[in-house]
Amino acid sequence: MGNLIERIEQLRGVLDMTQKGFAAVMGLKQSHYAQILSGRNRLSADHIAKLSTDPRVNVNPIWLFTGTGSMFNIIDDKLGERVHAVLETTMPHGAGGRMPT
C-alpha cells in the first residue's frame, strides 16, 4: 500500500496533475511540494483537508492515511467540515498541526 507520500504521488498521477497544479490545490508552491516529497517538509492537516474537499481532487482521507477503501470521496457538501472537525480532535495542534510522513 505504500506510505502517505507514495499515495500522494499515486493520487497526483491518477489525476494527471503536474506538481505545480497539485501543489496549488494545497495552497503551496511547487518548490514546497517538492520538499514534502523529499521529506524536508511535512504535510499539514490543512493540506490533507484541502485535498479531501477540493472538487478537483476529492481524495478520501481514509485511503490517503491507510491505503484502504476508495481513493475518492463520494461528493458531500459537508465533508470539509467533518474532516476539519476530525483533524481538530485527533491532531496534536488541531487542523494546523503537522502530519507525519
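## Helix 4 and its N-terminal cap

In this predicted model, helix 4 covers residues 45-53, and its buried residues are Ala45, His47, Ile48, Ala49, Leu51 and Ser52. The N-terminal end of helix 4 is capped by Ser44. In this cap, a side-chain oxygen of Ser44 lies 3.2 Å from the backbone nitrogen of Asp46.

## The chain as a whole

Helix 4 belongs to a chain that contains six helices and zero strands. Read from the N terminus, the order of elements is therefore written α-α-α-α-α-α.

The chain has 101 residues, of which 42% count as buried. Its exposed surface amounts to about 5700 Å², and carbon and sulfur atoms supply 53% of that area. Among contacts with a separation of 6 or more, 50% join residues that are 24 or more positions apart.

## Arg12 and its surroundings

Arg12 is located in helix 1, which spans residues 4-15. Is this residue buried or exposed? Arg12 has a relative accessible area of 16%, and because this value is under 20%, the residue counts as buried.

When neighbours within four places in sequence are set aside, Arg12 is in contact with Met17, Thr18, Gln19, Phe22 and Tyr33. With Met17 there is also a polar contact, in which the side chain of Arg12 reaches the backbone oxygen of Met17 at 2.8 Å. Val57 stands 45 residues from Arg12 along the chain, and the C-alpha atoms of Arg12 and Val57 are separated by 8.6 Å.

## The two salt bridges

How many salt bridges does a search of the whole structure find? The search finds two. One of them joins the side chains of Arg12 and Glu9, with a distance of 2.8 Å from N to O. Both residues lie in helix 1, three residues apart, which corresponds to about one turn of the helix. The two partners differ in their exposure: Arg12 counts as buried, whereas Glu9, at 26% relative accessibility, counts as partly exposed.

The side chains of Asp54 and Arg56 also meet in a salt bridge, here at 2.7 Å from N to O. Asp54 is buried because its relative accessibility of 14% is under 20%. Arg56, in contrast, is exposed because its relative accessible area of 52% is over 50%. This salt bridge thus links a buried residue, Asp54, with an exposed one, Arg56.

Terms used: Residues numbered from 1 in each chain as written. Predicted model: local features only at pLDDT ≥ 70, side-chain atom pairs only at ≥ 80, totals over all residues. Heavy atoms only, no water. Helix = DSSP H or I, 4+ residues; strand = E, 2+ residues; numbered from the N terminus. Buried < 20%, exposed > 50% of the residue type's maximum accessible area, 1.4 Å probe, protein only. Contact = heavy atoms within 4.5 Å. Polar contact = N/O pair within 3.5 Å; in protein donor to acceptor, adjacent residues only side chain to side chain. Areas by Shrake-Rupley, 256 points an atom, 1.4 Å probe, with all protein chains shown as cover. Salt bridge = Lys/Arg side-chain N within 4 Å of Asp/Glu carboxyl O.
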